[in-house]
Amino acid sequence: MENVIETESLTKLFGRLVAVDGLSMNVPEGSVFGFLGPNGAGKTTTIRLLTSLLHPNKGKMTVLGKDVVADKSYALEGVGCMVEDPAFYEYLSARKNVELFGEMRGGVKKDEIDNVLSMVGLSERGNDKVKTYSHGMKQRLGIAVAMLSSPTLLILDEPTSGLDPKGMVEVREIIKELAAKKNVTIFLSSHLLHEVSQVCTHVCVINKGRHIVSGRVDELLAEEEETYQVRVSDATKAEKILLEKKMKVVLQKDALRVSVAKGEGAKIASLLVSEHIDVLSLIPQTKTLETFFLEVTEDGTDQTGKD
Amino acid sequence: MELTRLVKIELVKLFSRRGTWIGFLIIAFVPIILSLYFFVVSGEDSTIKGTDVIESSLWLGKIFATLFVIIVSVGMMSGEAKDKTLRVSLTSPVSRENVFLAKFLAMVVYIMTVLLFVSLIGALPGMKVGFLQPDANAQKEAVRLALSYLVYVCELIFVASFCLFVSVLTDSPMIAYVIGFVFNNQLTDTIQTAVIEPLWGMVLEKTSITYLPSHFTFPYFIEQAQQAIGGTFLSVDIDWRLLQKSLGVVGIYILAFLLVATIIFERKDIKG
């Protein structure tokens, strides 16, 4: 199987509001797939469609090769999910909750319950009622339930929301471990671009329900040219000289932002020095997922060609 | 197999709630109250039998149980939708149809257990009275008790199916409770005909409720309701034809509510 999730022209309307607008995307097997978009972009609606909580108005989607619309009950076999804030039976213990949700998946052994609780650091509090849990602990429990029955695909919606910094690091480590050692494909929706850049191999960015761009993180962030922030003694004169040499220059408040072909960064300094302009600093600007995200979501057009 | 598993899960959830056991405790007081009525108020009435105490316990227990059935069945659907646990359940590889049917079947087990419990508690003061009068027919009494149990179980299953149906339509437990209480006029009707009228000698207007489905559904039960307070429900000659007809209508209502609710639930978007 090449793709564990495939959607084609997926559309969901809530009255007149188009929540998901003809979304087509593929999630490759074995990837840690970051699903990104600003608030209200349609991320959670898409996840709800994939987990058969919502019914699409149009389009196709398959999960682990099964058609979610035609066979919605059993398309989720082998899929672990955590959609938004996880909810539990507050009057039951965490262990009992895991056991019940495990039963819904066909039953789990005591060892497996111990194992998932231990993975999320809830072994000691497993027998406590969920109503005594903090938001972060419930979040961990949600991840534990999603990991039951050794899923081959894990769909996590904001898994680190509400966790303390230590918890965030632990969850990231769990995600990395599941992907690397157990070959679990992880579909991860998150607002935290730093987190996504740390764990994801692939990303898909959506905005206003539409696909903006998707692909491998390293390919999307690969740059054809290098950008530098340059501080000089005479910025206006320096801008003129660099533009004459066909370089891309943007005059900022107290510096220049200069883009040149790869490996030609040194030319900026030598050119300016030869024209008797003092170069105070020359700092390379690396493209981050954050800058990339802002770039593509501000533009807002489908950049499918970049796939 | 999946359905059996889901019913078991629903029962575990149901009987793990403190409220379920509080309900049982409240219902356990019903035979005690009735015993006081029989022994203190009608102490000199020599015609009362132990089976009358059980039957009357069943009848009065059913009134209380109706309240619990409405609360529990609404909690199973709307309550879970509001608490968002329904969402977690539905992201498991199970069919929605089975999830819904499991909730209904768990309610059937709950109803049968509640009424069996109240019968057993009622048997305790019943033993004190003496189960049968010398001239009573044991077989006839057994049939009467079994039929009473069956009729009340069916009546409460109807209440449960209606409340589950309403709960599928709305994710607000409060709205579902209100609709459940208003439409299950069997409860209000019974209280009116069996409690208010005899106690205060009032004949209340029933025009507003005669159009409700449950009023139409249970002509036999309504007819018998006043007899029940005296422990004489079904003690006169049983009109089998009317009983069958009434149970048949109840059965059709139950199936209709379940069918429509299942279809709606299958197609429903879970937004909460």
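In which sense do strand E3 and strand E9 of chain A pair, and over how many bridges? Strand E3 (residues 32-36) and strand E9 (residues 202-207) of chain A run in the parallel sense, joined over 4 bridges. The legends below begin with that pair and then move through other parts of this predicted model.

**View 1. Strands E3 and E9 of chain A sit side by side in a mixed sheet of 6 strands.** The sheet is open, and its order reads E6-E7-E8-E3-E9-E10 (chain A). At its edges are strand E6 (79-82) and strand E10 (210-216) of chain A, each of which pairs on one side only. On average, neighbouring strands here are turned by 15° against each other, direction ignored. For a look at the pairing of E3(A) with E9(A) itself, pick out A:Gly34, whose bridge partner in E9(A) is A:Val203.

**View 2. Helices H4 and H5 of chain A pack against the sheet of 6 strands.** Helix H4 (residues 135-146) of chain A lies across E6 and strand E7 (153-157) of chain A. Its direction is at about 165° to E6(A). Helix H5 (residues 165-181) of chain A also packs on the sheet, where it touches E3, E7 and strand E8 (185-189) of chain A. The direction of H5(A) makes about 150° with that of E8(A).

**View 3. Helix H2 of chain A packs on helix H4 of chain A at an angle of about 30°.** Helix H2 covers residues 94-104 of chain A, and the axes of the two helices are 10 Å apart. Why do we call H2(A) roughly parallel to H4(A)? Because angles under 35 degrees count as roughly parallel, the angle of about 30° makes H2(A) roughly parallel to H4(A). Their crossing is right-handed. From H2(A) come A:Ala94, A:Asn97, A:Val98 and A:Phe101, while H4(A) brings A:Leu141, A:Ala144 and A:Val145 to the contact. Sorted by class, this contact has 6 nonpolar residues, 1 polar residue and no charged residues.

**View 4. Helix H2 of chain A meets helix H1 of chain B across the two chains.** The axes of H2(A) and H1(B) come within 9 Å, and they cross at roughly 160°. Since angles over 145 degrees count as roughly antiparallel, H2(A) and H1(B) are described as roughly antiparallel to each other. H2(A) passes H1(B) in a left-handed crossing. On the H2(A) side you will find A:Leu100, A:Glu103 and A:Met104, and these meet B:Arg5, B:Ile9 and B:Val12 in H1(B). By class, that gives 4 nonpolar, no polar and 2 charged residues in the contact of H2(A) with H1(B).

**View 5. Chain A and chain B share a contact that takes 21 residues from chain A and 22 residues from chain B.** On the side of chain B that touches chain A, helix H1 (2-16) and helix H4 (85-90) of chain B each supply at least two residues. How do the residues of this side of chain B divide by class? There are 7 nonpolar, 6 polar and 9 charged residues.

**View 6. Within chain B, helices H3 and H6 cross at roughly 15°.** Helix H3 (residues 50-83) and helix H6 (residues 138-169) of chain B have axes that come within 9 Å. That crossing angle makes H3(B) roughly parallel to H6(B). The crossing is right-handed. The residues of this contact divide into 16 nonpolar, 6 polar and 5 charged.

**View 7. A sheet of 4 strands in chain A has antiparallel pairing.** The domain assignment divides chain A into domain 1 (3-220) and domain 2 (224-285). Their centres, taken over C-alpha atoms, are separated by 45 Å. The sheet shown here is open, in the order E12-E13-E11-E14 (chain A). Its edge strands are strand E12 (248-251) and strand E14 (279-285) of chain A. Neighbouring strands are turned by 25° against each other on average, direction ignored. E12(A) pairs with strand E13 (residues 256-261) of chain A over 4 bridges in the antiparallel sense, and A:Leu251 stands opposite A:Leu256 in E13(A).

**View 8. Helices H8 and H9 of chain A pack on the sheet of 4 strands.** Helix H8 (residues 235-244) of chain A lies across strand E11 (225-232), E12 and E13 of chain A, running at about 160° to E12(A). Helix H9 (residues 265-274) of chain A touches E11, E13 and E14 of chain A. The direction of H9(A) makes about 165° with that of E14(A).

Definitions and conventions:
Residues numbered from 1 in each chain as written. Chains lettered and ligands numbered in written order. Predicted model: local features only at pLDDT ≥ 70, side-chain atom pairs only at ≥ 80, totals over all residues. Pairing = 2+ DSSP bridges. Axes fitted to C-alpha atoms, helices over the stretch in contact; angles between N-to-C directions. Contact = placed C-beta atoms within 7 Å. Parallel < 35°, antiparallel > 145°, perpendicular 65-115°, else oblique. Left-handed = near helix turned anticlockwise from the far one by under 90°. Nonpolar A, V, L, I, M, F, W, Y, C, P; charged D, E, K, R; others polar. Domains from an automatic or database assignment.
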